[in-house]
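This report examines how the chains of one protein assembly meet. Please consult the sequence and the structure shown below while reading.

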Amino acid sequence: MGFWDVFGIWLASALTIGIISFLYRDNIFYKACEAIFIGTSAGYWFIILYWDNLYRKFWTQATDPTNPEWYVPWFGFVLGVLILTRLFNKIGWLSRWPLAFIVGAVAGLYMMIYFVSNAMVQVSSTIMPVFTGSWVDIIANTTVVLGTFCGLVYFFFSKAHTGVFGGAARVGIWFLMITFGASFGYTVMSRMSLMIGRIDFLFGTWLGMIR
Amino acid sequence: MRARELIVSGLIILFFLACYFFSPKPMEFSRSTSVLIIFLLAAAFVYVFIRTFRGRFIGRRVVFIFVGVALVLPFFMKFPLPLQISPEVQSVYDALEKLPPHSKILASFDYDPPSAPELQPMAVAFMKYAFEHDLKIIIMGLWPQGPQQADQAIQAAFIENPDLKQKTKYGVDYVNLGFQSGYEFVILQMGQSFKSMFPADLYNTPYDSIPLLKNVSNFSNVDFSMNFSAGKPGTAEWVQIAVDRFQLPLAAGNTAVQAPMIYPYLKKGSKGKKQLIGLLGGMAGGAEFEKLTKKPAKATTYLLSQSFAHVAVVIFIIIGNVAFFREKKGKK
Amino acid sequence: MKRQIPIIITFLIGMIMIFSFFIPPLEGLEQTCSLFFDVIAVFAFFLGGGNLMRIHLNKLRRRKKDWGFSIVTLGGFFIMLAAGLLKIGNPGGIAASPTTEGSLLQEIFTYVFLPLQSTMYALLAFFVASASYRAFRAKNREATILLIAAFVILLGRTPFGMMLTAWIPESFSVLQVPNLAIWIMNSPNLAGQRAIMIGIGLGVISMSLRLILGIERTYLGDESV
Amino acid sequence: MLSFPVTGQVIDTVKAVPDSELVVVAPVTSLIAADHKYDDGKMIDLSWVPSIDDRLVEGNVMGYKVYRIEGDSEPETIAELAPGSNAYNDQSVERGKLYSYFVSALSSNAETPSIRTAPIQPQREWLNIELINVLIMALVLGGAVIYFIETARRGKKLFVRKIAGLEAVDDAIGRATEMGRPILFIPGILDMDDVQTLAALTILGRITRVIADYDTKIFMPVSRSLVMTAGRETIKASYQAAGRPDAYSDDMVTYITDEQFGYVAAVDGIMVRERPATVFLLGAFFAESLILAETGNSVGAIQIAGTARPAQLPFFIAACDFTLIGEELFAASAYLSGEPKQMGSLKGQDVGKAIAMAAILIGVLTATIGEAWNVEWIQHITTGLRDIFSTR
C-alpha cells in the first residue's frame, strides 16, 4: 500500500470515529465532520448535476447539429433561467412559471402512474378465489382479501368509525400495524448490518484485529 | 462542559491507538472467554431490567454502549451457530454444483457501498466458489458502483485463497464489463446482444478482443446467472425481463430489506417452474451459503454480530414494556 | 395577469400529461418533461448553492457562533467544485467522466464522503435500539400488534429463531418462527401494503386534480387564499 | 463482401466447406410482420414458427437472423436471436416507409432464409384503445371529484370524519407560541417531482397561515434547491395573506445539501441547538425518518409526521405524537383548509375507494364460487371484473 492509501484509510477512520462520537453528545469533532460532509456533499451533487444534467443531457442534445429536435431542450433552458428571476424583486414573479410547469407536469404524470400501478393493478390482483389449495393457502388468501378490504375501510373519510363500519376499520388498522411491524423488523436488520460494516472497517481494515 | 468533552475524546483516541499498537492481530477470544462475555452481558441486561422495573430508566448512552458491545465483541468470538440451511439457499448451491467446469456465469452487481456489508460477503463467497471450480464469470453492473464492488470481491477472494491469484486470469477466467445506465432497458437490449450495451469492458478493451466473450452474444450463451441486488433496478427487473422473456437461469442475492419482495418469485408458477432458482437473503443467506461451501468467512462472522444485535433490540423492547406496564398498573 | 398565467400553465401542462397517457403520438412528452425538470434543477441549484454560501459567508463576516465550521463547509464545497469542474487528477483528462477512478473527486468521494455517509447511516443502528427501549411501547392493541410482528421478523431472520422453536413438530412447521416470519411477509403484510397503495393511488388523483384545476394554489404564492 | 441470401437459397456461412458437409436446417414458417398496435408508428412486430430442426435434443439450429429490407434497398441484419425464438419487435422503423422482412435459420455452417413478408408500413394510432378501461375509470373518478367539489361549492354540507393528526395542528402551533420556541417544518428529502413533496407544500401553506397570525418563528431546512424556492413562495404568500408581509424573511427557508445524510446531520444539529417546540415531518422520507423522529422526541418537541412510504411509518408511529398514514397525507391540506370545495375532493376519493371495495368483494365472491362449482357465467363475471382493472 502506498502512502496515500494508508493516509486515506487513517483519514476515513478518523471521520468514522468523529461521526460516531455524536452518540456521546454533539461535540466539536462531530461538528467538524458534519461541516465537511455538508460542504463536500453539496459540492459533489452540484458536480453530478452539472456534468450529467446540464452538460450530458442538455448541452450535447441542444448543440447537436444532427438532432432534428435540437431546439426542444432550449425551452427547458428558458424555464431554468426564469427561476433565477427570483433574485430580482421586480420580475421575481416570473419564477412562478417554471414552478407552475413542474407542478402541472408532476401532478398530471403521477396522477396516471399512481392510479394505474397503485390503485388499478392492486385491485385486480386482489380479485382471486379464496377456497383453493391446502388449508394454509386458504388462510393466506382469506387474510390477504380481508386485510385489503378492511384497510380500505380504515381510509374511508365519509363515515365516522362507529358500529360495524368502525369494527372493520379497526381490523384494517391491525393489518396496517402488522405491515409496519414487519417493515420495522426488516429495517432494524439492515441498519444493524450497516453498523457491522463500519465496525469491520475500523477493527478490520484499519486496526487489523479481525481475521 | 468543554473539559469533559476533551477528556472523553482523549479516551476514545487513546483506546483506538492502544488497539492499534498493542492488540493481538488478529484477536480471538477462547471459547470460555466468549461464554464469560455472554454471561456478563446477560447479567448486565438483568441489572438493566431490575433498574428499569423500579422505574429508573437507563440513559440513551448506556443503551448505545450495550448495542456497541453486542455488535463489536461477537467479531472476536468463535461460536458455531446452529445454522439451518433454508431451501432457497440450498437450491442456489445445488444449481452451482451441477455446472460443469468452464461454464459461463453472468454476474450483475446492482448495489453500492452502503449496502455492501450485507452483499459483499456473499459476493466474495460466490467468486471464490466459482474460481475454485473453474467457472467463468462475466461481470456487469446496473448500479454505477457495482463493478467496483465486484472488483473488491475478487481481490478479497484472492486474499482468502492465494492460490487463485496465480490461477485466475483476467479476460480468460473473468471479465468486468462495467456499468451501463438505463435500468431495465439494459437487460432488454442484452437479450438481443451484450455487445450493444457493452461495446468495451471496464478497461476499454473492445468486446470482440476479449477471449472469454468470444462466443457470447446474448443470454442464450450463458449457463447460469447471479444477481446481487440492493433495490431497483435489481432482481425484480432481472426476473421480469431476463427470465420471463429470455429464459435465463437466474439466482439472486438480496439485502434483507429487499428479500421479502422477492419471495413471490421463488414460488412455483402455473407451469411448475420457478422464476428464480434460489435466493441468498441478507446476512443470514450469505452465512448459509458459506456453510454450504464449507468455508465460513465474513458473513458467518457478521451473522453472529447481527444476531446478538437483534436479541439486544428485542430485550430492550421487552424491558421497556415490562416497566411500562408496571407503571400503568401502579397508576391504576 | 401575474396570478392567472401560472395557473393556466399548470392546468394546460397537467391536462396534456394526463391525456398523453392515452395518446401514442404524445409518448415522448414524458421524457421531454423530465429533461426540462433536470435543467430547471441545475438553475435552482444556483439559488440553493448560492444561499448556502451566503449563509456561511454571513456567519464568517459577523463572527457568529461556530463560524470556524463555516470555513470548513465552504472549503469542502469549493474543493469539490474545483476537483469536479476542472477534473483535477482525472486519468482520462477533461473528456472522461468526472467520477473516473483515480481522479481527485473520486478519491475524496472514497476516503472522505463515503465513510461519512456510511457512518451517518450506521448511527441508525444505535437510534433504533434507543427507540426500542424508550419509545416502542405496547400502549394499546395496535402498538402491541406492531411489536409482535416486529419480534417475529427480528427473531425469524436469525439462527436464534430456529433454536427457540425447533421443538415444534414438522406438521405444524408453519408455527416455527422463521416460517411464521415468511407467512407474515406474504399474507398480512401484503394486504396492508395493498390497502396503503390503493389509498395512495386515490389520494394522489384527488390532490393532482385540485392542483391542476387551480383549487389548491398555495404553492404558487397566491395571495387570495 | 458477404452477399445477402435470397429466398430459398441455402448459404454457406463458413467459407470453404464442401456442399456435402453443409448442415442444412429447415427454414422458419408462417412468418408474419404486423404493425405494433397503439403506438406512434415506431414499431413492427414479427412472429414465426421456429424451424422444425430447432429442438433441444439433437437440434441443429444455432439461432436465427432477422433481415429487413427498407423500400428497394439491400437487406440488412437487424438482429441475431437465440434458438427457440419465435418473435421479434423491431423498434427502429420510421413512419411512412415500407419494410419487408425475412428470417434465416442458422446451422453451424449454413443459413436457410424464409420467404419474405409483404411490405408493411408502421401505423400511428391516435388513441390507445387497450387502455380505454383506464380512461373510463379515470373519467369516472375525476368526474366524481369534480362533482363533489361543485356540490360543495353550491353550499351543500359534506361530512368528513375527524383525522386525529390534523386536529392537533392548531394545538401544536399554539404550544410553540406559548413556549416561545420555533416550529420546524421538514418537507421530506425528495424534489418537487415527487407528489409527496407537493402534498407537504400544500400543507405548509395552511400551517403558515395560522403561524403568521401568531408571532411564532418557523424554520424550514430543505434538501432541494427547487423546494427552497417553492417553500419561500408559499410562506411569503401566507404572510401576505395574513397582512404581515414585513414579518416574512427569506431566512425561514434554507437549502442545506442534496445529500441525504448531510442534510440529516444538519437538521439534527438544528434540532439539538434550537430546541423547537413543534416539528412537522411531512413528505417523502427514507432511512432518515428514524434519526429525525428520535432526535425530535429527545428534545421534547411535539411531532406531527406523515408519509406515503410504508417502510418509514413504524418509526413515525413510535416516536411521533401524530402520524398521517399514506392517503391521509394527501388529504391533509384539503382537510386543514376547511373549505367546502376542498372537502368535496375528499368525497371524490371515497367514491374510488367504494368502487375498489365493491370490486374486491364481488370479484372474490364470484371467483370463489365460480371455481368451487365451476359455474361458467359466474367465471365470466370474474374475468370481466379483472379486465376492467387490468392495464394491459
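In this predicted model, chain C places 101 residues in contact with 107 residues of chain A. Together the two chains bury about 10000 Å², and carbon and sulfur atoms account for 84% of that area. On the side of chain C, the three residues that supply more than any other three are C:Phe43, C:Tyr111 and C:Arg194, which give 7% of the area that chain C buries against chain A.

Charged and polar pairs also cross this interface. Two salt bridges are counted between chain C and chain A. In a salt bridge between C:Asp66 and A:Lys31, the closest N and O atoms lie 3.5 Å apart. In addition, 11 residue pairs are in polar contact across the interface of chain C and chain A, with both residues at pLDDT 80 or more.

Which helices of chain C each supply at least two residues of the side that touches chain A? They are α1 (4-20), α2 (29-61), α3 (67-85), α4 (104-134), α5 (141-156), α7 (177-186) and α8 (188-212). By residue class, the side of chain C that touches chain A divides into 72 nonpolar, 19 polar and 10 charged residues.

The contact between chain A and chain B involves 30 residues from chain A and 39 residues from chain B. These two chains bury about 3400 Å² between them, with 74% of it on carbon and sulfur atoms. Within chain A, the residues that lose the most area to chain B are A:Tyr24, A:Ile196 and A:Met209, and together they make up 21% of what that side buries.

One salt bridge is counted between chain A and chain B. It joins the side chains of A:Asp200 and B:Lys298, with an N to O distance of 3.3 Å. The count of residue pairs in polar contact between chain A and chain B is seven, again with both residues at pLDDT 80 or more.

Three helices of chain A, namely α1 (3-20), α2 (28-62) and α6 (163-206), each supply at least two residues of the side that touches chain B. The largest share of that side, 16 residues, comes from α6(A). The residues of the side of chain A that touches chain B comprise 21 nonpolar, five polar and four charged.

The two salt bridges named above are set out in the following table.

| Residue in the first chain | Residue in the second chain | N to O distance |
|---|---|---|
| C:Asp66 | A:Lys31 | 3.5 Å |
| A:Asp200 | B:Lys298 | 3.3 Å |

Methods: Residues are numbered from 1 along each chain as its sequence is written. Chains are lettered from A and ligands numbered from 1 in the order in which they are written. This is a predicted model: local features need pLDDT of at least 70, side-chain atom pairs count only at pLDDT 80 or more; totals for chains, interfaces and linings use all residues. Side-chain values use heavy atoms; hydrogens and water are left out. Contact means heavy atoms within 4.5 Å. Buried area is the accessible area (1.4 Å probe) that two parts lose on being put together, summed over both. A salt bridge is a side-chain nitrogen of Lys or Arg within 4 Å of a carboxyl oxygen of Asp or Glu. A polar contact is a pair of N or O atoms within 3.5 Å; within protein, one must be able to donate a hydrogen and the other to accept it, and residues adjacent in sequence count only if both atoms are side-chain atoms. Helices (H or I, at least four residues) and strands (E, at least two) are DSSP runs, numbered from the N terminus. Ala, Val, Leu, Ile, Met, Phe, Trp, Tyr, Cys and Pro count as nonpolar, Asp, Glu, Lys and Arg as charged, and the others, Gly among them, as polar.
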